[in-house]
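Here is a short briefing to read alongside the model. Keep the viewer open and follow the topics one by one.

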Amino acid sequence: MTDLNDVKLIGRITRDSILERTTETVYAKFSIAVNKDVKTANGNYESVPAFFDLAIFDNYAEKMYKHLRKGTLILVVGSLKPRQWSKDDVKINTLGISVKKIQLLSSTKPASGTETSAGETPSENAGSFSTDVPDTLENVDPFEDKTDGIF
């Protein structure tokens with residue numbers, strides 16, 4: 001039996017995406033907040049967020065990063081990517097999400113300084129899916145903190 005590593009989330013982007021390049025690939029990093037309503041002791045419901053770090057790759061990253069703006073509601077389909085490192089002799093384990101598909105669920109405006117081709121608007125891209133992402137991420141750690149405060 002084959003193991004299953006698929007994640008589907010709907011949430012809002014918590015900060016604008018950042019496009020980065022290595023010698024091997026291009027990727028965009030961003031985070032989303034996924035809310036869950038939880039019943040409190042007094043019977044009211046409270047929204048509790050969970051935060052996830054995500055990355056999209058190659059041509060898909062270049063195409064989509066300018067539309068991945070803070071506050072945008074999105075659907076992502078991807079897979080979990082574990083990461084482990086040591087800090088002060090303490091092992092730290094986290095999970096990031098490598099995005100396979102993304103769908104914009106709310107309209108966005110490209111970041112200032114970015115351009116869209118003639119006639120193309122982010123809302124026209126809503127509903128588009130792509131699977132042009134690599135299956136392996138050898139020698140690439142898009143969740144590594146290269147700039148303080150990104151993740």
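**Strand pairing, core and salt bridges**

Ile13 has Ile32 of strand E3 standing opposite. Please keep in mind that this is a predicted model. The points below start from that pair and move on to the core, a buried serine and the charged pairs.

**Strands around E3**

- E1 and E3 are antiparallel partners, paired over two bridges.
- Strand E2 (18-21) also pairs with E3 in the antiparallel sense, here over four bridges.
- Within that second pairing, Leu19 is placed opposite Ala28 of E3.
- E2 and E3 make a hairpin, and four residues lie between the two strands.
- E3 runs antiparallel to E4 as well, with 13 bridges joining them.
- In E4, the residue opposite Ile32 is Phe52.
- E3 and E4 form a hairpin too, with five residues between them. In its turn, Gly43 has a positive phi of about 95 degrees.

**The nonpolar core**

- The largest nonpolar core has 19 residues. Ile32 is among those with the most contacts inside this core, and so are Phe30, Ile56, Leu68, Ile74, Val76 and Ile102.
- At least two residues of this core come from each of E1, strand E3 (26-39), strand E4 (45-57), helix H1 (58-64), strand E5 (73-87) and strand E6 (90-104).
- Which residues does Ile32 contact, leaving aside its neighbours within four places in sequence? They are Leu9, Gly11, Arg12, Ile13, Thr14, Ala50, Phe51, Phe52, Leu54, Ile74 and Val76.

**Ser17 in its loop**

- Ser17 sits in the loop between strand E1 (7-13) and strand E2.
- Is Ser17 buried or exposed? Its relative accessibility is 8%, so Ser17 counts as buried, because buried means under 20% relative accessible area.
- The Ser17 side chain reaches the backbone oxygen of Tyr65 at 2.6 Å.
- Beyond its neighbours within four places in sequence, Ser17 is in contact with Lys29, Phe30, Tyr65, Leu68 and Arg69. Two of these contacts, Phe30 and Leu68, are also listed among the core residues with the most contacts.

**Salt bridges**

- The structure holds four salt bridges. Three of them are described here, including their closest N and O atoms.
- Asp6 pairs with Lys100, with the closest N and O atoms 3.1 Å apart. This pair links distant parts of the chain, since Asp6 is in the segment before E1 and Lys100 is in strand E6, 94 residues apart.
- Asp6 counts as partly exposed at 46% relative accessibility, and Lys100 is likewise partly exposed at 30%.
- Asp16 forms a salt bridge with Arg69, the closest N and O atoms being 3.3 Å apart. Asp16 lies in the loop between E1 and E2 and Arg69 in the loop between H1 and E5, so this salt bridge ties together parts 53 residues apart in sequence.
- Asp16 is partly exposed, with a relative accessible area of 36%, whereas Arg69 is buried at 8%.
- Arg21 forms a salt bridge with Glu62, and their closest N and O atoms are 2.8 Å apart. Because Arg21 belongs to strand E2 and Glu62 to helix H1, the pair ties together parts that are 41 residues apart in sequence.
- Arg21 is exposed, with a relative accessible area of 56%, while Glu62 is partly exposed at 32%.

Definitions and conventions:
Residues are numbered from 1 along each chain as its sequence is written. This is a predicted model: local features need pLDDT of at least 70, side-chain atom pairs count only at pLDDT 80 or more; totals for chains, interfaces and linings use all residues. Side-chain values use heavy atoms; hydrogens and water are left out. Buried means under 20% relative accessible area, exposed over 50%, partly exposed in between (1.4 Å probe, protein chains only). A polar contact is a pair of N or O atoms within 3.5 Å; within protein, one must be able to donate a hydrogen and the other to accept it, and residues adjacent in sequence count only if both atoms are side-chain atoms. Contact means heavy atoms within 4.5 Å. A nonpolar core is a set of buried Ala, Val, Leu, Ile, Met, Phe, Trp, Tyr and Cys residues joined through side-chain atoms within 4.5 Å. Two strands pair if DSSP finds at least two bridges between them. A salt bridge is a side-chain nitrogen of Lys or Arg within 4 Å of a carboxyl oxygen of Asp or Glu.
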